[in-house]
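Open the model in your viewer and keep the selection tool at hand. The tour goes stop by stop.

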Amino acid sequence: MTVVRSLLLFALAALAEIGGAWLVWQGVREHRGLLWIGAGVVSLGLYGFVATLQPDAHFGRILAAYGGIFVAGSLAWGVVVDKFQPDRWDYVGAAICLVGVAVIMYAPR
């Protein structure tokens with residue numbers, strides 16, 4: 001159950017961080033205004049909070065593993081929201097990152 005909880009928290013953190021960054025991007029680069037930027041800042045703050053809920057107590061481990069989630073999640077966000085089409089190397093890189101997440105977080109200690 002701990003692994004499932006951890007994976008769900010990683011997914012929620014990715015949604016908050018990637019979504020927050022996207023909202024700031026839209027507010028600034030696409031000139032959508034301060035409300036979009038503000039919503040992005042709130043979402044980015046939520047990401048910081050969600051990361052603290054991980055069962056592992058080591059900040060460095062959580063953030064290192066989350067980096068792999070962020071890579072894969074960012075590509076997925078691009079596909080769904082921005083209609084980005086990753087190439088095979090994007091997929092290979094994301095898979096390598098996710099293997100790194102599994103090793104960092106879930107390898108027996």
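The stops below cover a cavity, a salt bridge, a surface patch and one helix residue.

Keep in mind throughout that this is a predicted model.

**Stop 1: the cavity**

How many cavities of 30 Å³ or more does the structure hold? It holds one. The space inside this largest cavity is about 40 Å³. Three elements each give two or more residues to its lining: helix H1 (2-29), helix H2 (34-51) and helix H3 (59-81). Colour those three helices separately before going on.

Now select the lining itself. Pick Leu9, Phe10 and Ala13, then add Tyr47, Val50, Ala51 and Gln54, and finish with Ile62, Leu63 and Tyr66. Show the side chains. Which kinds of residue make up this lining: nonpolar, polar or charged? Nine are nonpolar, one is polar and none is charged. With Gln counted as polar and the other lining residue types as nonpolar, Gln54 is the polar member of the lining. As a general point, rolling a probe the size of a water molecule over the atoms shows where empty space is left.

**Stop 2: the salt bridge**

Clear the selection. Pick Asp56 and Arg61, and display their side chains as sticks. The two side chains meet in a salt bridge, with 2.9 Å from N to O. A search of the whole structure finds this one salt bridge. In general, side chains of opposite charge can pair when their charged atoms come close.

Are the partners buried, partly exposed or exposed? Asp56 has 22% relative accessibility, so it counts as partly exposed. Arg61 has 23%, and therefore falls in the partly exposed class as well. The cut-off matters here, because buried means under 20% relative accessible area.

**Stop 3: the nonpolar patch**

Switch to a surface view. Select Val79, Val80, Val81, Phe84 and Tyr91. Together these residues make a nonpolar surface patch of about 420 Å². Which element gives the patch its largest share? H3 does, with three residues.

Zoom in on Val79, which sits in helix H3. Its relative accessible area is 33%, so Val79 is partly exposed. That value clears the threshold for patch members, which is over 30%.

**Stop 4: Leu44 and Ala14**

Go back to helix H2 and pick Leu44. Leu44 is partly exposed, at 31% relative accessible area. Add Ala14 and draw a line between the two C-alpha atoms. How far apart are Leu44 and Ala14 in sequence and in space? They are 30 residues apart in sequence, and their C-alpha atoms are 9.8 Å apart.

Technical notes:
Residues numbered from 1 in each chain as written. Predicted model: local features only at pLDDT ≥ 70, side-chain atom pairs only at ≥ 80, totals over all residues. Heavy atoms only, no water. 1 Å grid on protein atoms, 1.4 Å probe; cavity = no way out; pocket = protein on both sides within 12 Å on 5 of 7 lines; lining within 4 Å. Points joined across faces, edges and corners; volume = space filled by probe spheres on them. Helix = DSSP H or I, 4+ residues; strand = E, 2+ residues; numbered from the N terminus. Salt bridge = Lys/Arg side-chain N within 4 Å of Asp/Glu carboxyl O. Buried < 20%, exposed > 50% of the residue type's maximum accessible area, 1.4 Å probe, protein only. Patch = residues over 30% accessible without salt bridge, like charges linked within 9 Å, V, L, I, M, F, W, Y side chains within 5 Å. Areas by Shrake-Rupley, 256 points an atom, 1.4 Å probe, with all protein chains shown as cover.
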